[in-house]
Every structure is written in C-alpha cells, then in structure tokens.
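Subject: Structure for you to look at

Hi,

Here is the structure I said I would pass on. Have a look at it first, and then read on for what turned up.

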Amino acid sequence: YIALTAEGKYEDAINLIRRDNPFPTACAMICEHPCEERCRRNLIDSPVNIRGIKKFAVDQIPADRVKVPPRAEDTGKSVAVIGGGPSGLTAAYFLALMGHSVVVFEGREKLGGMLRYGIPNYRFPKDRLDEDIHAVLSVGNIEVRRNTKIGRDIAMEDLRKDFDAVYVA
C-alpha cells in the first residue's frame, strides 16, 4: 500500500490494507504504530511513517467510498456475532466476504464499541469511524440488530439453535 499510495492509487491502497484490517481509517488515526519502533529502517536513519501513509491514503478518499472486494458465493451458513465493536465487525466483514450470512447483535444504539465510546472525538472523529463501519456493512449479507442484549433480549441457547456458529466479540 505504500507504493500504491505513492502512485496516487488510493483506492487500491485502501483495499490492500483491508486484506488484513477492515478499519483503515481507525488504524490511520489512532494506531500507536509499534511497528515503527521495530522498523529495520532505524538502522539506517528513521522508520517508515506507516501510520502517516495510511492516514494520507484515507484522507484522499474516504474508506466508505472505496468499493469493497466482492463476496464469495453464498454458503448457506449463518453466523451470529455478539458485539458490534472492532472485533465483531472485523469478524462480520470477513465472514460475509467468505459468503456467510451474518447477524451482528449490538447492545448499544451505535456500532463501533470502544472505537466509538472509548476514544474521544478530538482523537478519532466519529464521522471518520462511520466511514469504516459503512464500508464494512457495504459487503452485504450483514444484518445489524442494535439495542439487543444477549440474555435480556435473546437467549444464548436460541443463538446456538438458530445459527451455524456464534462468535462472541
């Protein structure tokens, strides 16, 4: 993605980042970049500014305006994901790309978990978080049930019966 960003191919750079991480904007804005401390480039001069390059790419084109990779053919399998934070949405993203039907059960009104509720807006504006979330959901085959708590609104036993797998984020 570094070379793609240098060439001005920001959409391709963002999709390359998404191969491992469906939150390129979050990573670009709040990652503590420990990889830069261990960068072998330190032996010569200074580390590659990984986070800065990602931020430049997502600042050129918002993540939700970059088309996500196509989904695989439907598998007929369904997965319940408990929790709509980074872990749950990452699981939903990759499961949907693999062709599975996903239902995310989120206890709060909005998705994002600690990215939304634990990081102050001045550090990570929520509209930028929403860009990543909209991109994740644009894969398709992901249903979100907000304000739904397991044990209160739906029993864990029902999830086990109704879905092929359950992921607790």
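Leaving aside its neighbours within four places in sequence, which residues is Val104 in contact with? Keep in mind that this is a predicted model. The contacts of Val104 are Val81, Gly83, Gly84, Ala92, Leu111, Ile142, Glu143, Val144 and Arg145.

Val104 also turns up in the largest nonpolar core, which has 26 residues. Val104 is among those with the most contacts inside that core, along with Phe23, Val102, Leu115, Phe124, Val139 and Ile142. Two or more residues each come from helix 3 (24-30), strand 1, helix 6, strand 2 and helix 8 (126-137). Helix 6 gives the largest share, 7 residues. Apart from this core lies another one, of 7 residues, including Ala80, Ile82, Phe105 and Leu159.

Now the sheet. It is open, built from 4 strands in the order 3-2-1-4, and the pairing is parallel. Strand 3 (142-145) and strand 4 (165-168) are at the edges with a single partner strand each, so one side of each has no neighbour in the sheet. On average, neighbouring strands are turned by 20 degrees against each other, direction ignored.

If you want to check the pairing at one edge, strand 1 (residues 78-82) and strand 4 run parallel and are joined by 4 bridges. One to look up is Val79, whose bridge partner in strand 4 is Ala165.

Helix 6 (residues 86-97), the one with the largest share of the 26-residue core, lies across strand 1, strand 2 (101-105), strand 3 and strand 4. Relative to strand 2, helix 6 runs at about 170 degrees.

Finally, a couple of backbone oddities. Most residues other than glycine have a negative phi, but two here go the other way:

- His33 is not a glycine, yet has a positive phi of about 45 degrees. His33 is in the loop between helix 3 and helix 4 (34-37), and it counts as partly exposed because its relative accessibility is 23%, where buried would mean under 20%.
- Asn147 has a positive phi too, near 55 degrees. Asn147 is in the loop between strand 3 and helix 9 (156-162). With 37% relative accessibility, Asn147 also counts as partly exposed.

That is what I have for now.

Cheers

Conventions:
Residues numbered from 1 in each chain as written. Predicted model: local features only at pLDDT ≥ 70, side-chain atom pairs only at ≥ 80, totals over all residues. Heavy atoms only, no water. Pairing = 2+ DSSP bridges. Axes fitted to C-alpha atoms, helices over the stretch in contact; angles between N-to-C directions. Contact = heavy atoms within 4.5 Å. Core = buried A, V, L, I, M, F, W, Y, C linked by side-chain atoms within 4.5 Å. Buried < 20%, exposed > 50% of the residue type's maximum accessible area, 1.4 Å probe, protein only.
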